[in-house]
Amino acid sequence: MPAQRRRPTIKDIARRAGVSESAVSFALNGRPGVSETTRARVRRVAEQVGWRPSTAARALSGEGAATIGLVLARPARMLGVESFFLQLISGVQQVLAQRRLGLLFQVVEDVTAECAMYRHWWAEHRVDGVLLVDPRSADPRPEVLESLGLPAVAIGGTEARPRLSAVSADDAGAMTSLVSHLYELGHRDIVHVAGLAGLAHTERRIASLRDEAGRLGLPHARSLTTDYSDAEGAAMTRRLLDEDAPPTAVIYDNDVMAAAGVAAAAERGLSVPGDVSIVSWEDSVLCRMVHPWLTALARDPVAFGRRAAQELTRLLDGSPSRTVRVPLPELLVRESTAAPGGEAVSVRVSRPSA
């Protein structure tokens, strides 16, 4: 058997570069104490010999774990039916791969367990920073992360804090565009089938619908919360369609619930959009697999994930925290929306960027 190749060490780099081992450590870890000429020579030699930092050694020395953490406090089964998070993680991974950073992903039952996970990771030097998803209206996680000194990015957050940046989506503006589209078609009884109660973006969407209803004079417009699943989306749709005066248009907070809404309407012998118009907050392949094709907001979860990961690497590089806003999603008008009792007209409507 061929002899196993020995991994290059800091001592090897120091010998080749003609400097001390401490100078190599300073140069490779971006610390002051060496000239820029020496730093460049050390890094060039390290690249030539194929040196890579030992994750275990960095963790033990407190210099970092070369890993980013992401905890999802949602039912694990939702990962199999909702594509948003899988696409988001794909975008995150694209950036982390470029930086040779790993992703440590964990699914837990609730926010209390999530906070406990952060403390566990911090105590064991498991992660250098975290991506925070599903910001809540009353959220204990930012304070926990701040107390631990872990850099973080709140995906869908609005307010930056020390060592915590926010990548913010304009949920209010997006809801306004959806309601305006339906209102212009002639709809006056609009229902929003929302996601989980207590999530900050759910609350923003509900508040925006309430504001638009007040502005446009829509006394029957309302929001109803669910768990984002197809089962609850279908159940909520049946409940609405069985009302004495069912809504003429329904906005669903994701593609899965919107597709379930189409199926529930068909069960009742109703047509979309002849009897009820349906809109999905998320565009996806699923929106183009049901009949009729669904009017939807075209967000880009992959780009959203990339932006969040880029912001976290900025923090890890020592940049200050900030709030970054992503563009307002485009409204794609398809066959599932029309005037009440009317025929669908498929057009494409572009909304200006935020």
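Q: Where does Tyr228 lie, and what is unusual about its phi?
A: This is a predicted model. Tyr228 sits in the loop between strand E7 (222–225) and helix H10 (230–241). Its phi is positive, about 75 degrees, although Tyr228 is not a glycine.

Q: Is Tyr228 buried or exposed?
A: Compare the relative accessible area with the cut-off: buried means under 20%. Tyr228 has 2%, so it is buried.

Q: Which other residue that is not a glycine has a positive phi?
A: Asp134 is one, with phi near 55 degrees. Its place is the loop between strand E3 (129–132) and helix H7 (141–148). Asp134 counts as buried because its relative accessibility is 6%.

Q: Which glycine follows helix H2, and what is its phi?
A: Gly30 comes after H2, and its phi is positive, near 70 degrees.

Q: Which residues of H2 are buried?
A: Start with the general idea. An α-helix has 3.6 residues a turn, so residues three or four places apart point the same way. Now the case here. H2 covers residues 21–28, and its buried residues are Ala23, Val24, Ser25 and Ala27. Their cover includes helix H1 (10–17) and helix H3 (36–49).

Q: How do I read the nonpolar cores?
A: In soluble globular proteins, nonpolar side chains tend to be buried together. In this chain, the largest nonpolar core has 24 residues. Those with the most contacts inside it are Leu88, Leu131, Val153, Ile155 and Phe304.

Q: Which elements each supply at least two residues of this core?
A: They are strand E1 (67–72), helix H5 (83–98), strand E4 (152–155) and helix H12 (301–316). H5 gives the largest share, seven residues.

Q: Which residues is Leu88 in contact with, leaving aside its neighbours within four places in sequence?
A: Leu88 touches Val133, Ile155, Pro301, Phe304 and Gly305.

Q: What lies apart from the largest core?
A: Another core does, with 22 residues. Among them are Leu241, Ala265, Val272 and Ile278.

Q: How many cavities of 30 Å³ or more does the structure hold?
A: There are three. The largest has a volume of about 260 Å³. Its lining has 21 residues, and Phe84, Asp134, His201, Arg205 and Arg299 lie nearest its centre. H5 and helix H9 (200–216) are the elements that give two or more residues to this lining.

Q: How do the lining residues divide into nonpolar, polar and charged?
A: Nine are nonpolar, three are polar and nine are charged.

Q: Which peptide bonds are cis?
A: Look at omega. The bond from Val272 to Pro273 is cis, with omega near 10 degrees. Pro273 is in the loop between helix H11 (255–267) and strand E9 (277–280). The bond from His291 to Pro292 is also cis, with omega near 0 degrees. Pro292 is in the loop between E9 and strand E10 (295–298).

Q: Where does Leu331 lie, and is it buried or exposed?
A: Leu331 is in strand E12 (residues 330–332). Its relative accessible area is 0%, so it is buried. Leu331 and Glu282 are 49 residues apart in sequence and 9.9 Å apart in space, C-alpha to C-alpha.

Q: What describes the chain as a whole?
A: The chain has twelve helices and twelve strands. Of its 354 residues, 50% are buried. Among contacts between residues at least 6 apart in sequence, 68% join residues at least 24 apart. The chain exposes about 16700 Å², and carbon and sulfur atoms supply 52% of that area.

Key: Residues numbered from 1 in each chain as written. Predicted model: local features only at pLDDT ≥ 70, side-chain atom pairs only at ≥ 80, totals over all residues. Heavy atoms only, no water. 1 Å grid on protein atoms, 1.4 Å probe; cavity = no way out; pocket = protein on both sides within 12 Å on 5 of 7 lines; lining within 4 Å. Points joined across faces, edges and corners; volume = space filled by probe spheres on them. Helix = DSSP H or I, 4+ residues; strand = E, 2+ residues; numbered from the N terminus. Nonpolar A, V, L, I, M, F, W, Y, C, P; charged D, E, K, R; others polar. Buried < 20%, exposed > 50% of the residue type's maximum accessible area, 1.4 Å probe, protein only. Contact = heavy atoms within 4.5 Å. Areas by Shrake-Rupley, 256 points an atom, 1.4 Å probe, with all protein chains shown as cover. Core = buried A, V, L, I, M, F, W, Y, C linked by side-chain atoms within 4.5 Å.
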